[in-house]
Amino acid sequence: FKFVIEGKIQKMLKHAIYRYGSFTHHDVFMTASALKSYSVGLVAYALVKVFVPAYYALGKTRIPVIGTTVAITTNLIFCSWLIESDGHSGLAMATSLAALANLGILVLCGQGRLWQLGIRDIIIALAKMSTACAIMGFVGLRIQDWWILKFGIDKSLTSILGIVVFLIIGGLVYFCSCGLFGVSDARSLLKKVFKKMTGKSR
């Protein structure tokens, strides 16, 4: 969700949040580029935080150690490579790639063990929610282009209003998509909202 927001409405977001005081256009651009690089590995980083405790619960401590070692090695390699071409954004991207490498090791080395803990169902649900996020991102990109063309983003208030519009419309698109894909939590929430709106009781 965060990746979609940072990626698809970054123009409005960076102007609304960072363009204050002594922050120039250049400073805003540099900050946004780093955040965009970090967002690439955000999902992988979150999943690592889920998988590692699962391995420790199973008594399989060697796999997380291997994943961490691969992540550190990947980070060092890409830091030395990307810093020359992309600067600080390259360092952020190296961190994201390291998180992806760590996740890859955790998934590949223990599929059978993870499935025993119900991880398969979690991954299926995550795939459905990721698809819903992609749909929301597509809608958000259209909203951003229309808003910038119509109102511009030179003023912070205009950017903030554009973000509010995106969050309202994008949120509705996301939860409706999750409901259509059969994500149980989203479907239950939509049912409760529908009952409140129609005044129906159980």
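Here are a few friendly notes on the cores, one helix and the aromatic pairs of this predicted model.

1. Let's start inside. The largest nonpolar core has nine residues: A44, L47, V48, F51, Y55, I63, A99, L103 and L106. Two or more of these residues come from each of α4 (42-57) and α6 (88-108), and α4 gives the most, with five.

2. L103 is a good residue to click on. Beyond its neighbours within four places in sequence, L103 is in contact with A44, L47, V48 and F51. There is also a second, separate core of eight residues, among them A132, F166, Y174 and C178.

3. Now for α6 itself. With 21 residues at 1.5 Å a residue, α6 should span 30 Å, and its end C-alpha atoms lie 31 Å apart, which agrees. Its buried residues are S89, G90, A92, A94, S96, A98, A99, N102, L103, I105 and L106.

4. On to the rings: the whole structure holds two aromatic pairs. In the pair formed by F78 and W81, the centres are 5.7 Å apart and the planes meet at 40°, a tilted arrangement. Both residues sit in helix α5 (residues 62-86), three residues apart, or about one turn of the helix. Residues three or four places apart in an α-helix point the same way, because there are 3.6 residues a turn. F78 is partly exposed at 24% relative accessible area, while W81 counts as exposed at 58%.

5. The rings of Y174 and F175 have centres 5.4 Å apart and planes at 75°; this angle is over 60 degrees, so the pair is edge-to-face. Y174 counts as buried, with 12% relative accessibility, which is under the 20% cut-off. F175 is partly exposed, at 33%.

How values were computed. Residues numbered from 1 in each chain as written. Predicted model: local features only at pLDDT ≥ 70, side-chain atom pairs only at ≥ 80, totals over all residues. Heavy atoms only, no water. Core = buried A, V, L, I, M, F, W, Y, C linked by side-chain atoms within 4.5 Å. Buried < 20%, exposed > 50% of the residue type's maximum accessible area, 1.4 Å probe, protein only. Helix = DSSP H or I, 4+ residues; strand = E, 2+ residues; numbered from the N terminus. Contact = heavy atoms within 4.5 Å. Expected span 1.5 Å × (residues − 1). Phe/Tyr/Trp six-rings, centres within 6.5 Å; stacked < 30°, edge-to-face > 60°.
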